[in-house]
Amino acid sequence: MAAVPPPSEQSTRRILTELGAGRGLSRRSLIRGAGIGALALSSPAFLDACGTKGAKVSAGSCVSKDLSSTQKSIVFSNWIGYIDPAKGKGTSTLEKFQQQSGIKVDYRNGDVNDNEQFFAKVSPQLTDCKSTGRDVFVVTDYMAARMVNLGWIQKLDHANLPNVEANLIDSLKSPDWDPNRDYSVPWQSGMTGICYNSELTDPVTSFKDLLTRPDLKGKIELLTEMRDTMLFMLLLEGSDPNKFTDAEFSSAISSLQKYVDAGQVRRFSGNDYVDDMKSGDIVACEAWSGDVINLLGGGKFKWVPPDEGFAIWTDNMLVPNMAAHKTNVESMMNFYYDPVNAAQLAAWNYYFCPVKGAQQEIGQFDKSAVHSQFIFPSEKTLQNGHAFMTLDEKQEQSYQTQFNGVMGG
Amino acid sequence: MTHGVVPPPATTAAVDGAMARRRGWGWLLLVPGMLYLAVFFVFPTVQLFLTSLYDPSGNYVQGYTLTWHFANYLDAIRDTWNLFVRSFIYAGIATGVCLLFGYPLAYAIAFKAGRWKNFMLVLVIAPFFTSFLLRTMSWRTILADQGPLADFLRTVHILPHDGRLLATSVAVVAGLTYNFMPFMTLPLFASLDKVDHRLIEAAGDLYSSPFTGFRKVTFPLSLPGVVSGTLLCFIPACGDYINAELLGTPKQYMVGNRIQSAFLTEHNYPLAASLSLILMAIVVVMVVAYVRRVGTEELV
């Protein structure tokens, strides 16, 4: 057997060149073909269909059939640190609900980490009247208002919600964006303030301290939620976060930029500030009240309402269009408005409890919770709370762009 | 042994016939690939281009209309040119460091690893068994302010006593380097592994020193690996935003972070699209210039 020498690279290349010259497939004709394809796609007929349509849908046209009677299940998206974990079989509120009702809950812990990002996650489906794969999710007031306005949310049947009717506290009964609570039921309310690690730093009691104290340089974080962070900046500038002008907002933005440029702010974070506090990489941050107890375990981690005032907000359960288990969700909402269940939940997550009668029940779960200002704030505490002004779409986008400009270096 | 030696063509007519047939097949075989590119590359790119020309006064509620608003590009560059500069500097440094570390590694695996070759290759690929996000998160633990590495560097006064590793440019570049290292090592290995040892021996026989042999024989032969490795590192590193977000601060943010926030939190699609296209265009220009200079003959 004679060994055949392998074709040298030169000869291979020659063969390839000849093939090309013989008007096989040249690179040029390939490119030409692709170009024609691209042109076809950009033809006038195609372009007419361009632009994006608005996100608004009419709720009536996006209704799906409720399959609750045959499918005993729910997909529930929530923020982390918002529900008591099961310590044993049938002990957590969610386990209790599943046992009592026979409805299986697929709880997506942390599916919501930031309101705007969650909006971006579900908007393609909801704009197109498609299912998001979630039966109920929890978002903050302004986002809930936006979604209700866009026609994305299903109307609730109050006949299925007797506990909500009876026990929802008065102050939350009629927000201006949903005066009869037709579309939303509060999950919990809370405050945005400051959390600090008392082992690593002296008390941080004001937002000004947080942003100016030299020993905190590079060791603090602010929230990516524009409303939370800018509420403090507006207060710091002496503006009213519930009623401010574009100019006031811009000046608050430039002062925030100053602190970021000075290296005071390590980064902007969502709920993940918890990890950085735990690791000791930061010693103080803007934080949501209950997290300090339920995710950081209290102890050396202290939460304070800043001297300037603090943000107060409510997170709401909403059932999006095309979610096929609304009745199941309603029975869960009803379950959580039973004062005993509400008390058990609040005794764990330490957020404002929106349910009347829970204070009488909470002692059986946690004695120290009965007079907790985190769960049952007094009128006096609430006096210093502020809500953020309602924004129209134009303001929304302009403010968010300015804020992202600061966050983006 | 093979009998696949092609006899010389007998007549030109036969050759023409064969070529015609081959041409038909060539097009047919290309159909799946071209379709794939049309659906997943050409169409999205055209769409992205059109999105970048939407009227910026639109918003997510009313939607956007296509008004051929080319000024979007100027606005985008004016507001974010510093992020572009930063992205290219970070990606450039990371690519350089990858080459510096990856070359000896690939060389050792190709020439010196012997029977450990496959095992070492698996080790290079092993990080891919976990997600990109998790790997970057774990760097936060390694570089943490209270972590052993930062402690050590402070003890030996490389870091000042209040200095930190995490949330600095160094951390971001280190993260990029780490995450893209396999993309450098594997192409380098592939071309080094193909180098004919007899050529290096021949260089020695002709009295070249080992270094000259490397410079004149091994390295030129590995150039295709160097070119594809640097491209595979540099291009994705330019657009990366995870490393800057998790290991950096706002001062380290790259253009990817801005695109992400424009798209996800502002819903400002024209801005996000024009930033993406500018990034794409700059990268293409840089890559073409680079490839022209170094040459791609061996690549294709």
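Chain A is a good place to start: its domain assignment gives domain 1 (59–189 + 313–375) and domain 2 (190–311 + 390–407), with bounds that come from an automatic or database domain assignment. Before going on, please note that this is a predicted model, in which local features need pLDDT of at least 70, side-chain atom pairs count only at pLDDT 80 or more, and totals for chains, interfaces and linings use all residues. Residues are numbered from 1 along each chain as its sequence is written, while chains are lettered from A and ligands numbered from 1 in the order in which they are written.

Now look at how the two domains of chain A meet. Their centres, taken over C-alpha atoms, are 27 Å apart. Across the boundary, 17 residues of domain 1 of chain A are in contact with 13 residues of domain 2 of chain A; contact here requires C-beta atoms, placed from the backbone, within 7 Å of each other. On the domain 1 side, β5 (184–197) and α14 (339–349) of chain A each supply at least two residues. Such helices (H or I, at least four residues) and strands (E, at least two) are DSSP runs, numbered from the N terminus. That side of domain 1 of chain A, where domain 2 is touched, divides into nine nonpolar, seven polar and one charged residue. In this grouping, Ala, Val, Leu, Ile, Met, Phe, Trp, Tyr, Cys and Pro count as nonpolar, Asp, Glu, Lys and Arg as charged, and the others, Gly among them, as polar.

Next, turn to the interior. The largest nonpolar core has 110 residues, and those with the most contacts inside it are C195(A), A284(A), L318(A), A342(A) and A346(A). A nonpolar core is a set of buried Ala, Val, Leu, Ile, Met, Phe, Trp, Tyr and Cys residues joined through C-beta atoms within 7 Å; buried means that 20 or more other C-beta atoms lie within 10 Å of a residue's own, these atoms being placed from the backbone. Helix α9 (residues 226–236) of chain A gives this core its largest share, eight residues. At least three residues come from each of domain 1 and domain 2 of chain A. Leaving aside residues up to four places away in sequence, C195(A) touches eight partners listed here: M277(A), A284(A), C285(A), A287(A), V292(A), F301(A), K302(A) and W303(A). A second, separate core of 51 residues includes L53(B), A91(B), A106(B) and I109(B).

That leads to chain B, which has 11 helices and one strand. Buried residues make up 32% of its 300 residues.

Note on methods. A residue is buried if 20 or more other C-beta atoms lie within 10 Å of its own, exposed if 12 or fewer, and partly exposed in between; C-beta atoms are placed from the backbone.
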